[in-house]
Each structure stands twice: as structure tokens, then as C-alpha cells.
Amino acid sequence: MEKALEIKDLTKLYRNKRGIMGISLEINPGEIYGLLGPNGAGKTTIMKSITGLCKADRGEVRIWGYDISKQFEQAMATVGCIIESADAYAYLSAYRNLELAGRFYLGLKKTRIEEVLALVGLSNFKKEKVANYSLGMKQRLGLASALLSQPSLMILDEPTNGLDIEGMAEIRNTIIQLASEEKITFLVSSHLAHEMELMCHRIGVINHGRLIKEEAVSEILNNYASLENFFIQQTRDDRGNCLHA
Amino acid sequence: MHNLYINILNENQKMLLKKKNMAILVVSALIPALIAVLISTVQNQAGVFVFRFSDYPIFMLGLFTNILLPLFVFMWTADTFAGEVGENTLKIVLVRPITRYKVYISKISAVGVFILITLMVAFISSMLAGFGLGEAASVTVGGLLHGLLIYIVAAVPMLAIAVAAAFIAQFFKGSSGALMTSIFLYLFARMLPMVVPDFAKISLFSYMDWHWLWLGNSVGVDKIGYALLIILSSSIIFFAAGSYLFDTKNL
């Protein structure tokens, strides 16, 4: 079966020598894969390299078999994403933002815009300018924009950022539901271990730009008390000093 | 090609929905009228004959191509490139199924469409305002069409400076820096021929009013050809450099 996402030896170093080094991973169709790591670990850099927002120094990224450096349009046609922050044109309404995005996808029905707005709870605010939205509303709009094209791969960078407890639970449940019912594959990043524990099938631990360990969540919870304990053990030695720095 | 067309449509819609761009179109319509009123007042009160109707649209075109339109073009390109980087909205289109090269072309094309719209607004406004300056009865269809052609031809160097401004904008992460630098470099390039006269022959910015070459009963094909060569070659160089920088930009 073709992998939803294949990354081989992905490396991107910024001028300050920080970045990601030698990242290799594969995500199976229908899987929710979590990238877990502290702030500055390289999660967003990985996602930016996958979606072409930054050019990797080395490595290969394939989405459903399409090489993003050579077949970008084909690769991204099946992808919906929120990278770093959920951005929208502030001087336009939510509906207009989605209308602009929807034009790239041939055959997308006009009713789809209403559907995704309803899914994220923004139907009543669709005509309001995004400049007047709260952080949580902008995050919901970002999710709507990512879902608009009915993607088969979703790449979400801290998708619950800015949401309250109920909002976080709602987004988490939406992701789980979409993965199981619509068979959408997810790559999700977060620094919140508990959130990942509740949502993901498999976890990749990222620290100091390296993919330290990959493991199924079920295995982690069998062998460790929690995902948090697993993460600490992978990234710290017995004295509590940081490994892989 | 579908996505290229779609993004040209999107970029145009974004520009139209920005209030300041609508204000620019309104200003472009009002300026010829206001100046015509001023000239008419001077002509009536001082008894000095300044303009005939047939001269007025060409006079206004000179004002637009040398001062107003370059300013508008620098603002549009600064907003659509550097401005979107600063507002974090450039990535909205870059994660859609469209290559960066097509995004670059579509943004410049959208500015090109706005250049044409502004020139058409200025043409219509100049024609209507010029009626107040007399001799409107002597207007012919041929004359009107010739005037329209001159205005359309004037869009060519304007598009070229949009390409140049797009290149400059790649060095900035905010629209104000890109705008100020574009204006400064434009003024410098317009004034340099006073010190280095030969520079005028090869500078794109010396051909802002190349529409004068198209006036008159006989069109100087050799002069137009040379001017077109300079405009095209400058555009190609700026486009290649700008699109390369845009393609390799890390967000």
C-alpha cells in the first residue's frame, strides 16, 4: 500500500545552525501520526519542509508517491494544512477566504464552504471580517480552510493552539472521527503530551532537530505510565540532563 | 494553467476588495476632473489659453505615467509581495496546489490588470473633463480610438516597472520598506541621466512616457523598437531575478 507521507533524510539548517537533521519517517494511510517535542525542537521546520514553505538542504519528501520538489501541484492537491499559525486575509470575511481557497480544487461544490464552516462552528460568523475574530475563531477558520478540499492528508501544526478546553476536545474528536470515518491521514504536531496521547496512533519524538524515537501510542502506554514519561525518558538521562543536544 | 488563471482571479479580487485600492481608482477618476476645473478657471479669469480639449488627455497621461502610476504600482507590488510576507498571509496561497512560479506570475499579472483599469479610468475621466476645455465638437471616433490606444500603450512601461518593483520587494518582509526603497530608486534612476546622460538610453525608467513616440502622423518605428527592446530586456532581467528569489524564499 502506498504511504501517505514518506520523508527520507530531511535536513534543513538555518544560519544559526538550528533546524532539522536527517529526519526519516513514514505515515500509513488513515494513521494519526504525532510529532511530539518542545518548542524549538524542529516540528514546524519539518512541516514547512513538507509543504514547500521552506526549501530543505537535503532529503526527499513524497506525498502519496509524488515528490514535492518535482510534482508539487499533484502532491499538494490532496493536502490540507495549518503551518505555524492559522492565517487568513484579515480584510476579508471567513466565507470569502474559503471561496478564494476553494477555487484551486476543480469540482469542489459551493456547498462545501457551508459544510466546513458548520463543522468548525463558524456558520454564524461567516460574513464577519476575520480581523474581528478571536484567536480561537481564527484557529477554527484555519481548520476549515485545511478541510475545504476534502484532503486525504492533513498536516496540522499545534491545531489546538488558542482554543479553550472544550474547543481543544472538539478539535481532537473531529480529528479522530475524520481519521476513522473518512480515512484521512493526519500529521499533527504538539508540545502537549496528554493531547497527543488521546489522539494519535503513533508518536515521533523530536528534540534538537532530530527524530529520536518512533513508537505506537498503545505500546508506549503499555510500557510507560504515560506519554509524558516516555518523552522524558527518551530526551533526558538519569541525571535529568538533555540528551541529543 | 487552470491554477494560474485561478490565482490571477484571486489576486485581482483581493486587490479590488482592499479599500485603499478602490480609493486609488476614485482618486484616478477625480484628479483629471479637478485639474480640468483649475485650468478652466485660469483660462477664464486670466484670459490665457492653456489647453485644448484634444491636448488634455495626453497631458493627464504624462502626469499619470511619470508620477501617479509609478507610485501606485510600487504600492501594489509592495503590498502583494513584501506586505503578505509581513502579515504571514503569503503562505496561504503557497500551500495550495500551485507552484511558486505561477504565484509570482499571477501576482504581477494582477498588478498589470490594475494598471490597465487605472489607465482606463484616467482616460475616461480625462476625456469627460476635457469637454469643459472647449473644442469638444471636433472630436472624432478615430481620435478617440487613437487616444485609447495611446493610453493602452502607456501600460507597457508601467508593467515593466511593476516587474522591477516585484524584484525589489523580494528583499523586504514588510510593505513600507519595499515601497520606500522602490520610490527612492525610481527617483534616483530618473535623476541620474542629469549627471550621466548616457544612462537615459539604457534605463527602463527613462521610457515612462514612451507613449509620445506613438503620437503624431508618422510613428517612429525605429525609436519605438529601441524603446521596446529596453523595456522588454529590463523586464526579463528583473523577472528572472525576482522569480528566482521568490522561488527560494523561506517562510
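**Exercise 1. Find which ring of chain A lies beneath the charged end of K127(A).**

*Solution.* Start at K127(A): its charged end sits over the ring of Y95(A), 4.7 Å from the ring centre. The criterion here is NZ of Lys or CZ of Arg within 6 Å of the ring centre and within 35 degrees of the ring normal. Next, turn to chain B, where the charged end of K107(B) sits over the ring of F81(B), at 6.0 Å from its centre.

A word on the ground rules before going on. This is a predicted model, in which local features need pLDDT of at least 70 and side-chain atom pairs count only at pLDDT 80 or more, while totals for chains, interfaces and linings use all residues. Residues are numbered from 1 along each chain as its sequence is written, chains are lettered from A and ligands numbered from 1 in the order in which they are written, and side-chain values use heavy atoms, with hydrogens and water left out.

**Exercise 2. Describe how the rings of Y104(B) and F239(B) meet, after working through F74(B) and Y186(B).**

*Solution.* Rings of Phe, Tyr and Trp (its six-membered ring) pair if their centres lie within 6.5 Å; planes under 30 degrees apart are stacked, over 60 edge-to-face and the rest tilted.

1. Over all chains, the structure holds 16 aromatic pairs.
2. One of them joins F74(B) and Y186(B), edge-to-face, with 5.6 Å centre to centre and 65° between the planes.
3. This pair links distant parts of the chain, 112 residues apart: F74(B) is in helix α3 (residues 56–86) and Y186(B) in helix α8 (residues 175–195), both of chain B. Helices (H or I, at least four residues) and strands (E, at least two) are DSSP runs, numbered from the N terminus.
4. F74(B) is buried, at 3% relative accessible area, and Y186(B) is buried at 7%. Buried means under 20%, exposed over 50% and partly exposed in between (1.4 Å probe, protein chains only).
5. Now Y104(B) and F239(B): the centres are 5.5 Å apart and the planes at 65°, so this pair is edge-to-face.
6. Y104(B) lies in helix α5 (residues 100–130) and F239(B) in helix α10 (residues 221–247) of chain B, so the pair ties together parts 135 residues apart in sequence.
7. Y104(B) is buried, with a relative accessible area of 0%.

**Exercise 3. Name the cluster of rings that includes Y104(B) and F239(B).**

*Solution.* Follow the ring pairs: they link F81(B), Y101(B), Y104(B), F239(B) and F246(B) into a cluster. You have met F81(B) already, under the charged end of K107(B).
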